[in-house]
Every structure is written in C-alpha cells, then in structure tokens.
Amino acid sequence: MPSAALPGVQTISIFIAMKSASIQELKQQLQQASVKEITELCLKLARFKKDNKELLTYLLFEAGDIEAYTNTIKTFMNESFKEVNTVKLYFAKKNLRKILRQVNKYIKFTGNKQTEAEVLIHFCWLLKESGIDMRKSTALVNMLTQQVKKIKAAISVLHEDVQYDLNKQMEKTFVAV
C-alpha cells in the first residue's frame with residue numbers, strides 16, 4: 001500500500017538480489033557461445049570494472065612470462081616505497097596497506113605460490129630497508145607477521161629445491177629484523 005493511504009507509515013522497498021550462476025553453469029554456457037560472443041562478453045567485463053580489465057590484461061599479455069611479471073610487481077613496489085612517508089607512522093601505515101592491497105591483487109592474478117612468496121619476501125625486505133621504526137607500531141609488526149605467515153604457507157607447497165632457495169632469501173631478509 002502506498003504511504004499516502006496510511007499517514008505516518010513508511011513504505012519499505014525490498015530489493016531482491018539476483019542469484020549468480022555457479023561456475024559449472026557459466027562454463028557450460030561459455031562452451032556454447034561463439035568466439036565473437038565470448039569476445040564481446042570479455043570486453044563488457046573489462047569496461048565494467050577496473051579489476052576485470054587488469055585481470056584480462058594480465059591473462060592476455062603477461063601470463064606467459066611469470067618471471068617478468070614478478071619483476072614488474074617488484075619494480076612497482078620499489079617505486080611505491082619511495083613515496084612512503086617514513087616520518088609520520090600513521091601515514092606510513094596507510095601507504096603500506098595501500099601497497100600491500102595492490103600487491104595482493106597482482107599476486108591473486110597469477111595464482112602462483114612461488115610468485116607470491118618472492119613478492120612478499122621483497123615487500124618485507126623493502127619494509128625492513130625503509131627505515132620505519134617497526135617497534136613503535138603494533139599494527140606494522142602485525143602486518144609483517146601476517147606477511148611472514150603467508151610466505152611460509154606459500155613456500156610449504158612448493159618443490160623442495162624452490163623451498164630451499166626461498167628459505168635462504170627469507171633468512172637474508174630477516175637476519176636483522
């Protein structure tokens with residue numbers, strides 16, 4: 001009933017969210033689509049959200065060379081760390097969280113545990129080298145601790161030789177922490 005019929009009573013609009021299709025249903029539908037239709041769908045996804053465009057860019061142009069992509073992420077971090085405010089701890093934390101958010105998104109694109117470990121070790125090394133006094137901030141200590149946990153989890157599922165190399169990198173990084 002409209003609110004005009006009952007004075008003082010507000011109408012409540014109900015929004016019913018559409019249920020998303022399962023991955024299996026999407027896969028079946030995509031298998032039936034033509035190449036042109038799939039291309040149009042991908043372009044619509046890319047226009048819809050920046051993350052979709054970035055993922056599509058990764059998949060089309062960078063997925064073939066994981067090592068180069070890893071180096072690109074490390075270069076991004078090097079440049080970003082130059083802009084971190086090391087004087088004010090509050091701003092340093094904000095800057096570091098922003099960098100870490102971006103880095104985690106890039107890691108998620110690859111789905112590669114070795115890349116994850118290498119990039120996060122590099123992040124921790126940059127954090128250590130930044131000159132930020134970690135002892136003054138519980139949040140920064142917790143951030144570093146979480147990254148170490150992520151690194152160890154990523155390393156644990158890799159081949160023994162790769163585990164050895166990455167553990168050596170970790171030792172070098174955290175020798176003075």
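I take exposed to mean a relative accessible area over 50% and buried to mean under 20%, with partly exposed in between. The model I am consulting is predicted.

**Entry 1: helix H4**

I looked up H4 and applied these classes to its residues. Glu67 and Lys82 are exposed on the other side of H4 from its buried set, which consists of Tyr69, Thr70, Ile73, Lys74, Met77, Ser80 and Phe81. Viewed down the axis of H4, the buried residues fall within an arc of 140°, so they line one face of the helix. I then asked what covers these buried residues, and I noted that the cover includes H3, H5 and H6.

I also checked the length of H4. The helix has 17 residues and reaches 25 Å from its first C-alpha to its last, close to the 24 Å expected at 1.5 Å a residue.

**Entry 2: the loop after H4**

I next located Val87, which sits in the loop between helix H4 (66-82) and helix H5 (89-110). Its relative accessible area is 72%, so I recorded Val87 as exposed. I looked up the separation of Val87 from Gly131 as well: these residues are 44 apart along the chain, and their C-alpha atoms are separated by 9.3 Å.

**Entry 3: salt bridges**

I looked up the count of salt bridges, and the total comes to eight. I followed three of the pairs in detail, taking a separation within 4 Å between the side-chain nitrogen and the carboxyl oxygen as the criterion.

The pair Glu54 and Lys50 meets this criterion with an N to O distance of 3.9 Å. Both residues belong to helix H3 (residues 50-62); because they are four residues apart, about one helical turn separates them. How do the two partners differ in exposure, buried or exposed? Glu54 is buried, at 18% relative accessibility, whereas Lys50 is exposed, with a relative accessible area of 61%. I noted further that Lys50 and Glu54 are linked with Asp51 and Lys105 in a network of salt bridges.

The pair Lys113 and Glu116 has its closest N and O atoms 3.5 Å apart. I placed both residues in helix H6 (residues 113-129), where they are three residues apart, about one turn of the helix. Lys113 is partly exposed, with a relative accessible area of 39%, while Glu116 counts as buried at 14%.

The pair Asp133 and Arg135 forms a salt bridge with an N to O distance of 3.1 Å. I entered Asp133 as partly exposed, at 25% relative accessibility. Arg135 has a relative accessible area of 76% and is therefore exposed.

**Entry 4: the second largest pocket**

I turned last to the second largest pocket, for which I noted about 200 Å³ of space. Which residues line the second largest pocket? I listed Leu26, Gln29, Leu30, Gln32, Ala33 and Leu41. Helix H1 (residues 23-32) gives the most to this lining, with four residues.

Notes:
Residues numbered from 1 in each chain as written. Predicted model: local features only at pLDDT ≥ 70, side-chain atom pairs only at ≥ 80, totals over all residues. Heavy atoms only, no water. Helix = DSSP H or I, 4+ residues; strand = E, 2+ residues; numbered from the N terminus. Buried < 20%, exposed > 50% of the residue type's maximum accessible area, 1.4 Å probe, protein only. Expected span 1.5 Å × (residues − 1). Arc of directions from axis to C-beta. Contact = heavy atoms within 4.5 Å. 1 Å grid on protein atoms, 1.4 Å probe; cavity = no way out; pocket = protein on both sides within 12 Å on 5 of 7 lines; lining within 4 Å. Points joined across faces, edges and corners; volume = space filled by probe spheres on them.
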